[in-house]
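Grab a coffee and open the viewer: here are a few exercises to work through, each with a solution you can follow step by step.

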Amino acid sequence: MQPNPLREGLEQERVPEASCLVIFGASGDLTQRKLIPGLYSLAHDGLLPAGQTIVGFARAELTDEQFRASMREACDKHARTKPVDEAVWESFARGLFYVSGEFADPAAYERLHQRLREFDATRGTGGRRIYYLAVPPTFFAQVVELLGAEKMVRDPERGGAYTRVIVEKPFGHNLETAKELNRVAVSTFRERQVFRIDHYLGKETVQNLLVLRFANGIFEPFWNRQYIDHVQFTVAESIGVEKRGNYFETAGITRDIIQNHMLQLVSLVAMEPPVAFEADAVRDEKVKVLRALRPIAESVRGQYGEGSVLGEHAVAYRAEEKVAPDSRVETYAALKVFVDNWRWADVPFYVRAGKRLPKRVTDISIHFRPAPYPLFSKLGMKMHANVLAIRIQPDEGISLKFDSKLPGPTVRTAPVSMEFRYATSFGAEPPEAYERLLLETMLGDATLFARRDEIETAWAWLDPLLQRWADDPAPPPLYSAGTWGPEAADELLEKDGRKWRRP
Amino acid sequence: MTDTLAADVRVDVTSIEKQLADLWRAEKGEGEGAVTRAALWNMIAHTWSSQEHARATQVLALASAAVPQRTIVVQADPDGSAEIESWISANCHLVGGGRQVCSEEVVIRAAGERVHHVPPLVKALLLPDMPVAVWWVGDLPRDHHDYAETLLEPADRLIVDSAQFNGADDLELVSRIAEQTTTAPADLNWARLEEWRAATASLFDPAPMRERLAAIRSLRVTSGGDGSFGATAGALLYVAWMSAQLKADIAFELVSAGEAAGIASVEIEFNDGTKGMIQREASRGVVVAHSDATPAAQLDCIARVLASDTEDLIVRLLKRPEADKVYLKTLKIARRLAA
């Protein structure tokens, strides 16, 4: 089918065909905070087709009306565009439905299947299906297998309407469990039907990394070992584990943040230009970076102790709810990473992530080599390396630090910063990451989703480190909440003659 | 929230740029870096009268909150006694983190033979590397050709409002600019059609409806206002847009009814007699489209009515970095239909 010519030039140039989006785990936090508000915002911006149908599936006994009322509350609280527009909501809510059932109950799937068929007839969804698995990993296999058994998954090889499945992290606990999850997924779906969400990839600034690198002629010539001294990645959170103690005790910061979000950032910074801005072309290049990662030789872990964050007292990790009093789980990790390929040979990528750090910030900084001849140092001046900093969140933007002459008769220099900020230049609030990712799934573009080999390669690289830490009887060193992590993390850079950039 | 950093400082026309630099230096001293100067566009508003001038100044002060710009508002009175004068100020808006973003505004008033000093002065004031838009407020330049031509020379975009056009000649003039210069026209009235285009497009999103695009027999577009050329220009653009996108001449009827300006409804008739209806529901703030042609199209397609104050329309036009190719195709056909 040819694209709709009337869409040309419109803000809503790409609108998907109507489909049934089934959310398994519809009573959960993710559905209320992100998914339904995100879908509502898409409708608000005119990016959903009239017949788009959203079906919540969960254990609680609810009618369609009760589900709509609860989702309305969720949108009132969490939608990007507030207050909720009554006309848009009315139209959006007409496409909201609910099916109650246990994840393990085949009869519930039968009921669900029946309703989906009805929607095909009444709402023009044409057999198109997206299953969003917002369920704990323990239910993953059950849901996927029952979808297959109930014949609710159409093989794309046979043509016709599509079936897609969206999977939330964690994508396993280690290489073995990740492989098992992938095996289950591809036993029912083909790989190209599986959309693994890493919400970092839905962020505007993360996508802008590709634009910065590959749409501008000036950066790429310098983007290599000849000009770059090292790269730093920081994902800092000021909050602790809050109510996620149970989960965090089994995960730790490395599984929670580094294995997925941070390795995505590393891949995007280090990858070669893809041959096209298409799903497999981009993911092929990303996975090449992961394959080139040298086994980790230097790492630091830590766990937050009592302290003060943003003027408030913070309890130690071990005093948090649902955390073992003798927990050895790391809430901070810093790694020295090397990408062993032609472009990046011997350029260290320092990666750190932590909880209860002084502020919430995600930041990448590219530190360039100093000028080859220290012309001005002879005049007693300190020269500073150029730094290109990419702020992922908050206050998204890009800055370039360089030295400039101070006005006056003597030659004195000082570092200055040239800044671009999204809020300053573009004003408007960017769409939420989930909005973009939900829309891309409906459109069938997997560029912003992780592929099976990416996940497995990342685990294969991290597993030995996690095993070493697990085997180490010593607890991770403590750092005070509200500091930038354990001292050993500073030493990791200091012994290389470098230091962490204050983000 | 918009604030003025230095309200209308009268400056010598020969040193506007220097005075602007002084303004920022003074602010830096007081504000210690809390103020950021930003510009994505050079925006020149050209006016013929003090009323138009006041309106343009107000509109662009609001627009600069969403699209930071260096604003140059020109008031030219070729028939007045010879004089030229200028003022500077800065429009500031709060963004996240207590940061203030400021756009510069330069006002130039010229009369008599001094009007011819305006184009070179404006050129000297343009920020390098940023695109240039000229918003022509009020009547298009039928006289003073040289003056208008020189002023438009650096322009990447010429913003007009076809709702203010007096006749087909105005469309002709804008079309000629598109064809003969590198300045791409943009039309506030075209921006007003966005929700109509979006609602119409949604109606034809389902595959069975898309097949019906080739089976459109006629369009009946009803719009309000006084029945003048300007009042029906939006309806004419709508018809021209459908023709341009479907690459076909479509029979049409333009109907004037009601007082509210702009399109009120569109009726699309298909070859088999079935219809599509697109209507504005002012109370709900939406444009609704549906059709009895297929079951899927019976569901209401809605498009929110977008904010349409002049500053909102200007912002929408400036947020599009490239020339609007669909508008250019539409303009060509609208000119033919109007002739």
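**Exercise 1: a sheet in chain B**

Work out the strand order and the edges of the six-stranded open sheet in chain B.

*Solution.* Keep in mind that this is a predicted model.
- Step 1: trace the 6 strands, and you get β12-β11-β13-β14-β15-β16 of chain B, with mixed pairing.
- Step 2: look for strands that pair on one side only; these edge strands are β12 (251-256) and β16 (301-304) of chain B.
- Step 3: check the twist, which averages 15 degrees from one strand to the next.
- Step 4: zoom in on the β16 edge. Strand β15 (residues 286-291) of chain B runs antiparallel to β16(B), and 4 bridges join them. In that pair, B:V286 sits opposite B:R304 of β16(B).

**Exercise 2: a strand in chain A**

Is strand β12 (residues 348-354) of chain A largely enclosed or open, and why?

*Solution.*
- Step 1: count burial, where a residue needs 20 or more other C-beta atoms within 10 Å of its own. In β12 of chain A, 7 of the 7 residues pass, so the strand is largely enclosed by the rest of the structure.
- Step 2: split the strand by face. One side carries A:P348, A:Y350, A:R352 and A:G354, the other A:F349, A:V351 and A:A353, and all are buried.
- Step 3: find the partners. Strands of a sheet pair through backbone hydrogen bonds, either parallel or antiparallel. Strand β7 (residues 228-236) of chain A is parallel to β12(A), with 6 bridges, and A:T234 has A:R352 as its bridge partner.
- Step 4: add strand β11 (residues 332-338) of chain A, which is antiparallel to β12(A) over 7 bridges. There, A:A333 stands opposite A:A353.

**Exercise 3: chain A as a whole**

Why can chain A be called as compact as a globular protein of its length?

*Solution.*
- Step 1: take stock of the 13 helices and 17 strands in chain A.
- Step 2: compare radii. The radius of gyration of chain A is 24 Å, close to the 23 Å from the globule rule for 503 residues, so the chain is as compact as a globular protein of that length.
- Step 3: add the burial figure: 44% of the 503 residues of chain A count as buried.

**Exercise 4: where the chains meet**

How many residues does each chain bring to the contact?

*Solution.*
- Step 1: chain A gives 27 residues and chain B gives 35 residues.
- Step 2: on the chain A side, the elements giving two or more residues are α3 (86-93) and α10 (422-426).
- Step 3: sort that side by class, and you find 11 nonpolar, 11 polar and 5 charged residues.

Definitions and conventions
Residues are numbered from 1 along each chain as its sequence is written. Chains are lettered from A and ligands numbered from 1 in the order in which they are written. This is a predicted model: local features need pLDDT of at least 70, side-chain atom pairs count only at pLDDT 80 or more; totals for chains, interfaces and linings use all residues. Two residues are in contact if their C-beta atoms, placed from the backbone, lie within 7 Å. Ala, Val, Leu, Ile, Met, Phe, Trp, Tyr, Cys and Pro count as nonpolar, Asp, Glu, Lys and Arg as charged, and the others, Gly among them, as polar. Two strands pair if DSSP finds at least two bridges between them. Axes are lines fitted to C-alpha atoms, for helices over the stretch in contact, and angles run from 0 to 180 degrees between N-to-C directions. The radius of gyration is taken over C-alpha atoms; the globule rule is 2.2 Å times the number of residues to the power 0.38. A residue is buried if 20 or more other C-beta atoms lie within 10 Å of its own, exposed if 12 or fewer, and partly exposed in between; C-beta atoms are placed from the backbone.
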